[in-house]
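Let's walk through a protein model together, one question at a time. Have a look before reading on.

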Amino acid sequence: MKIQFDKPPGSAQETNGLSVRYAASKRKVPRWRWYLLLAMVLTPPGYLLTRFMVAYWWETAPAVVITEQVVVRAREAGRVTQIADIGALVRAGQPVIALDTTTGATRTPSSAAIPRPASDPSQTTLEAFASRQTTLDEALRLAHSQLALQQERLRTMQALRAEGAATRQELDNARFQELQARTDANRAQADASENRHLLARAQSRPPAVPPGTDGQLPGMAAATDDADVKAPFDAQVVRQFAHLGEWVERGADVAVLQGPARAMVHTYLPPDQARYAQVGRLATLRFMDGGRIRAEVVDVVAEAERTPAERTSPLTPRMPSIVARLRPVEPLPPAYRIHQLPLDVRFDWVWSWPL
């Protein structure tokens, strides 16, 4: 039995050899719409592939800006009579804050007023030295108490640093504050010893008080100027902790100064990317607002640190990282010269042979 099949139509406009007039389509779809649909479908995979290739070929590490910054403290207790504005430039030795130590209920040893009876000047001198000695002993006791607190805080920070719960910068700040408290205690000890020696001399041979000094010993007025907080180097005032007319205690933070030295960048690299932590490596500083500045690795800190918690994901463990210090090729603009400003560092690609 032979099966005969019908011949397929020659075109869509014919059926069994008869011409069929179909109605024309309402509209034709433009070709560019198909291209747009294709682009929308391929964009997410392309973006993910690009991110993967960039992360594979270029290493990106978190970093922060580090500037030469110091906190200045009041040497004596007093009332603020003059203070430099934020952003003001001060020279080395120029007063940042001027203090009046002769006013207020609490008076400092260097400017304590000496009561002077008109009848017996020598007795007035002895009473002045005795009153000043009492104030100095109280200041010494407070200085030792502050030193003990700072030493306890330093031990706590060292324990936290050993457990990885504190950064090296926090530990350095604790050490600096402990050193500052030790300096204040030594200064208070020296003042108390000197005044005790002067008191012993006054008891053995009372000195004469010159007329017209209002019962103050020579050099007492000059000591008031020593209470002014002066800049240790040429710097710019970036922060104030005290205000005009406010009473500040001895050792209290009064201002933050930023030195003129070029800002550096500290970046945190995982141990498997140690090839980038080498002197001379080039990188690009990528700021959060889109700014780009070239930089060069100048040295590597010889101690591993954990990446700051604010620069890591909560799901990522804070592993010890290599800290590399980078120097920008050109000085950072004022908008980026901010202490602890977060940014990213993208190193130039370095070939590594698999072992």
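Here are some questions and answers about a sheet and a surface patch.

This is a predicted model, where local features need pLDDT of at least 70, side-chain atom pairs count only at pLDDT 80 or more, and totals for chains, interfaces and linings use all residues. Residues are numbered from 1 along each chain as its sequence is written, and side-chain values use heavy atoms, leaving out hydrogens and water.

Q: Which strands are the edge strands of the open sheet of 4 strands?
A: Strands here are DSSP runs of E, at least two residues, numbered from the N terminus. Two of them pair if DSSP finds at least two bridges between them. The order is β8-β7-β5-β10, with antiparallel pairing. Pairing on one side only makes these the edges: β8 (229–230) and β10 (247–248).

Q: Which residue in β10 does R79 stand opposite?
A: Strand β5 covers residues 78–83 and runs antiparallel to β10, joined by 2 bridges. Across from R79 in β10 you'll find W247.

Q: In β7, what is the bridge partner of V80?
A: β5 pairs with β7 (residues 95–100) in the antiparallel sense, over 4 bridges. The partner of V80 there is L99.

Q: Is M40 buried or exposed?
A: Buried means under 20% relative accessible area, exposed over 50%, and partly exposed in between (1.4 Å probe, protein chains only). M40 has 57% relative accessibility, so M40 counts as exposed.
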